[in-house]
Amino acid sequence: MACQSVCAVMDEQALLGLDPNADARYRHRAMAYFEQLKESQDAWEVCADVLANGLYSDDHVKFFCFQVLEHQIKFRHAGLRSVQQQLIRETLMKWLQSQLMSPQPEKPFIRNKAAQVFALTFVMEYLTLWPKFFFDVLSLVGLNPHGVDVYLRTLMAIDAEVVDRDILHLPDETRRNTLIKDHMREQCIPHLVESWFQILQTYQHSHPELTCQCLEVVGAFVSWIDLNLIANDRFVNLLLSHMSVAELREEACDCLFEIVNKGMDPVDKTKLVESLCGVLQSAGFFNVDQEEDVDFLAKFSRLVNGMGQSLVLSWTKLSKTGNVKDAAETLQALETKVPLLLRLLVHEDDDISANIVGFCYEYLHVLKQLPQLTDQQQTNMEAVLLAVIKKLTYDDEYNFENEGEDEAMFVEYRKQLKMLLDRLAQVSPELLLKAVRRVFNGTMQTWQTAPFMEVEVAVRLLYMLGEALPASHGAHFTGDTAKTSALQDMMRTLVSCGVSSYRHSSVSLEFFETVVRYDKFFLVEPEHIPNVLMAFLDQRGLRHSSPKVRSRVAYLFSRFIKTLHKHMTAFVEDILTRIQDLLELAPPENGLLALLTSDDQLFMFETAGVLIVNAECPADRKQALMRSLLLPLMDAFRLVLAKLPRETDDERRAALVDCLSHAVGFASRTSKAFSNKQTVKQCGCTEVYRDCLHAFLPALSCPVRRGSLRSSVRSFLHRMIICMEEEVLPFIPSASEHMLKDCEAKDLQEFIPLISQITAKFKQVSPFLQQVFMPLVLAIFGVLARPAEDNDQAAALEKQMLRRSYFTFIQTVAGSGMNEVMANQGAENIERVVFTIIQGAVDFPDPIAQKTCFVVLSRLVELWGGKDGMPGFPDFVYKHVVPACFLAPLKPTFDLSDAQTVLTLSECALTLKMIHLKRGPEFIHFLQQEYLPSLQVSPEISQEFCQVLQQPDVKVLKSYMKAFFQRARL
């Protein structure tokens with residue numbers, strides 16, 4: 001409830017809207033009131049009064065008042081009168097005093113907001129108006145727990161404002177923050193450290209939450225204050241005593257971690273770490289096997305990781321400077337931590353293990369740099385390897401069919417372990433190979449009775465060797481004999497021991513992943529191909545009970561076949577027969593759950609295509625096989641297309657359209673099997689794909705969900721242009737006519753690349769292009785002219801992308817060598833098109849489109865701007881093209897500091913260069929006598945510009961033009 005004294009000045013109705021459960025009307029009023037108080041010169045003072053005198057008990061009102069104060073300090077402090085600045089200081093101190101006397105502390109969210117306001121006031125006033133900030137606060141709070149809480153929260157808020165490197169600051173703020181830290185070091189840091197010690201000592205038993213807060217403050221500030229204030233017997237002994245208190249030990253660990261992480265001289269850092277380790281070891285903290293508190297051990301592991309990495313950094317610095325003695329002592333210190341590292345790395349809790357991986361990785365890096373390893377270092381490496389192998393293993397709780405957050409974390413953890421394995425391989429590839437071979441062979445001998453996690457990790461290790469011991473282009477079975485024979489032996493065992501039959505999805509997946517990683521093994525020992533093919537094709541692979549396995553195997557099978565297609569000749573027809581049911585188009589109405597998704601089927605169709613195209617059989621046999629593959633798709637497509645117009649239910653329509661799109665996509669995917677060596681024509685498959693075009697193109701005139709169908713058929717046409725060459729051309733005019741009917745921006749944007757592809761590939765399409773050119777251009781103009789809402793960003797972006805596509809299309813036509821396509825459109829149409837290019841170059845602030853437009857203008861000048869060019873075009877150049885070259889760069893939106901815009905200016909320079917090449921002295925005369933004077937350019941600058949323009953090196957002109965337009969804007 002409000003006190004009566006301020007009812008007149010606080011808007012009670014607005015305050016009702018601060019309640020999170022208030023209705024929208026009150027919330028809007030509260031927002032409006034907040035804005036009013038923020039912007040007023042002195043209305044905010046009522047909030048100061050509320051806080052200073054405790055006039056409201058409602059938490060939301062208190063928070064609201066602090067927000068208003070925060071805004072004044074943050075954004076309007078400099079404009080406040082000195083009496084108002086004094087009012088803020090007094091308000092904060094009065095509020096703080098009220099906390100000391102209150103039996104109950106404020107809610108945490110209010111204390112946090114108050115701390116932010118204290119911190120902002122400190123940042124604004126410490127260097128000038130309030131140098132005794134900390135003296136005043138500490139004098140007031142003493143050791144009162146409520147006051148200490150606000151003091152500590154304020155210190156953390158100051159850290160966020162002044163020190164936190166994760167927060168970006170403006171240069172002025174950075175300079176100010178540096179000054180603040182310098183002043184604090186000189187004036188008050190020793191007093192603050194003393195206050196921290198008193199708080200830690202006083203409250204370690206009675207108020208653990210305050211002690212933890214204080215430890216967090218010490219950890220935050222230690223990075224930039226004198227370390228001797230903290231790293232002394234008095235302070236460290238206190239921190240170590242906290243390590244034995246259940247409620248404090250985790251925060252104490254974090255605090256010690258920050259102390260260890262502080263940048264300092266490498267010799268001093270080694271001494272600090274050794275001293276700390278000695279004390280921790282004496283206190284029994286190294287006996288991690290006896291510790292049951294895993295949360296504490298995770299923090300302790302992080303601390304040991306920090307100490308280890310600090311020692312590695314010290315050793316690296318000392319080694320680089322040639323300090324042999326101290327480097328040797330630091331290395332010795334490092335070695336003594338390895339037993340603890342290993343105990344933490346192999347701990348059954350993955351968080352504890354993950355926190356020490358960084359130190360382990362750095363230690364292995366140190367070993368890599370040593371000229372020779374001692375027996376102990378060799379032993380350490382072997383121990384790390386065994387730990388990694390153990391920790392790579394799945395546990396019983398891993399849910400393979402429904403992977404959640406815990407599973408995702410284990411996958412990430414496995415990636416960290418893989419880094420260790422890769423680093424081990426760099427230090428001693430022989431050791432890694434020997435260990436993996438031992439584990440793998442041992443497990444494969446007993447795979448029938450071994451738990452799945454042991455079998456999976458054995459195969460996984462073989463898989464990981466592929467990256468740990470890299471080979472150029474996967475050639476693992478040539479070169480180094482020891483490595484190749486070991487890998488070959490393991491692969492032979494993998495594919496012949498029967499482990500592919502293991503009934504667990506993780507083992508199945510790992511088997512096929514490994515087979516495909518080492519697919520070149522089968523070039524060396526092709527006799528194993530039939531057995532592996534059967535594994536792919538039966539219930540171990542494509543017909544596995546797990547959808548996840550089936551899906552992945554579909555992809556892996558396509559990779560396997562692509563690599564080994566030359567060895568598949570004897571199996572082609574058998575494979576095609578066995579996968580026939582997996583190649584069926586699943587009609588939406590049968591309700592049966594297909595073994596593979598449509599995405600998986602894409603890989604299957606590609607695989608089938610690769611098998612057929614690369615089969616060693618006559619072209620007519622290939623044609624027959626391809627027809628038997630694609631004919632069911634065509635028949636199903638026709639049936640579904642006939643049903644579509646009769647279907648009235650929206651969901652069913654969508655399902656039918658998806659089915660049609662899949663059919664087109666599958667047919668399209670088979671064409672990826674063709675190459676320059678094995679073309680559609682050479683394989684005798686032209687007729688089959690022509691039949692596909694006859695089957696699919698009628699979908700373009702279907703009025704139902706036109707966008708999706710057009711998109712699928714358009715993609716198929718793109719593929720056919722590549723594969724069928726000129727055989728596709730008879731289909732293009734009809735397809736284009738349908739695609740230009742009732743189209744949207746996106747349709748046109750996707751259609752233009754198709755026409756551009758045809759234009760670039762076939763010279764004989766000139767008559768068709770002449771015919772389709774203006775209908776396409778007019779369709780684009782029509783869509784661009786459609787009105788759209790001012791704030792419809794999606795529509796604006798679609799138009800921008802369509803405009804870019806249009807300009808790119810004109811560029812393709814102009815650059816195709818088919819000069820007649822545009823020249824034969826009639827003078828009025830040509831002028832209309834070229835005007836749009838001028839407009840694109842000058843009026844639209846889109847440097848990508850502008851660059852394209854200048855490329856087009858330069859090309860048109862080259863084609864039509866000479867003595868024997870198009871009649872009337874030279875006049876057009878002087879009236880419109882030349883002005884465009886100057887007006888575009890003079891626009892305020894033409895940002896000469898932007899790299900893309902500078903590229904546009906380069907094209908603009910090339911256009912002027914082309915005009916000069918085509919018109920010669922006449923152009924120079926026009927610039928000097930007519931155009932440049934019309935822009936109020938002085939005769940001297942005009943002459944200078946024309947001299948540069950006439951120089952042969954275009955780079956000079958590009959640089960000059962940038963400087964010219966930068967000057968022109970001043």
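The legends below accompany an overview and several close-up views of a predicted model.

**Figure 1. Overview of the predicted, helical protein, which has 46 helices and zero strands.** The radius of gyration is 38 Å, well over the 30 Å that the globule rule gives for 970 residues, so the protein is more spread out than a compact globule. Taken along the principal axes, the box filled by the C-alpha atoms comes to roughly 95 × 90 × 70 Å. Of the 970 residues, 51% count as buried, and the protein exposes about 44300 Å², of which carbon and sulfur atoms supply 52%. Among the contacts with a separation of 6 or more, 73% are accounted for by residues that lie 24 or more positions apart.

**Figure 2. Close-up of the contact between helix α25 (residues 505–517) and helix α28 (residues 547–564), whose axes come within 10 Å.** The two axes cross at roughly 10°, and because angles under 35 degrees count as roughly parallel, α25 is described as roughly parallel to α28. On the side of α25 the contact is made by S505, S508, L509, F512, E513, V515 and V516, and on the side of α28 by K548, V549, R552, V553, L556, R559 and F560. Divided by character, the residues of this contact are eight nonpolar, two polar and four charged.

**Figure 3. Close-up of helix α17 (residues 338–345), a mostly covered helix in which six of the eight residues are buried.** The buried residues of α17 are V338, L340, L341, L342, L344 and L345. These buried residues pack against α15 (294–320), α16 (324–336) and α18 (350–354), and also against α19 (357–369), α20 (375–391) and α21 (405–427).

**Figure 4. Close-up of T154, a residue of helix α8 (residues 145–162).** With a relative accessible area of 6%, T154 falls under the 20% cut-off and is therefore buried. When residues up to four places away in sequence are not counted, T154 touches A115, F118, A119 and F133.

**Figure 5. Close-up of R185, which is found in helix α9 (residues 171–187).** The relative accessibility of R185 is 36%, so this residue counts as partly exposed. Not counting residues up to four places away in sequence, R185 touches P190 and W224. Although R185 and I225 are 40 residues apart in sequence, their C-alpha atoms are 6.7 Å apart in space.

**Figure 6. Close-up of S668, placed in helix α32 (residues 650–670).** S668 is buried, its relative accessible area being 11%. Leaving aside the neighbours within four places in sequence, S668 is in contact with S715, F716 and R719.

**Figure 7. Close-up of F945 in helix α45 (residues 939–950).** F945 has a relative accessible area of 0% and is therefore buried. Once the neighbours within four places in sequence are left aside, the contacts of F945 are with F886, L912, L927, L932, Y960, M961 and F964. A further pair that includes this residue is F945 and A642, which are 303 residues apart in sequence and 67 Å apart in space, C-alpha to C-alpha.

Notes: Residues are numbered from 1 along each chain as its sequence is written. This is a predicted model: local features need pLDDT of at least 70, side-chain atom pairs count only at pLDDT 80 or more; totals for chains, interfaces and linings use all residues. Side-chain values use heavy atoms; hydrogens and water are left out. Axes are lines fitted to C-alpha atoms, for helices over the stretch in contact, and angles run from 0 to 180 degrees between N-to-C directions. Helices (H or I, at least four residues) and strands (E, at least two) are DSSP runs, numbered from the N terminus. Angles under 35 degrees count as roughly parallel, over 145 as roughly antiparallel, 65 to 115 as roughly perpendicular and the rest as oblique. Contact means heavy atoms within 4.5 Å. Ala, Val, Leu, Ile, Met, Phe, Trp, Tyr, Cys and Pro count as nonpolar, Asp, Glu, Lys and Arg as charged, and the others, Gly among them, as polar. The radius of gyration is taken over C-alpha atoms; the globule rule is 2.2 Å times the number of residues to the power 0.38. Buried means under 20% relative accessible area, exposed over 50%, partly exposed in between (1.4 Å probe, protein chains only). Accessible areas come from the Shrake-Rupley method with a 1.4 Å probe; for residues, only the protein chains shown count as cover.
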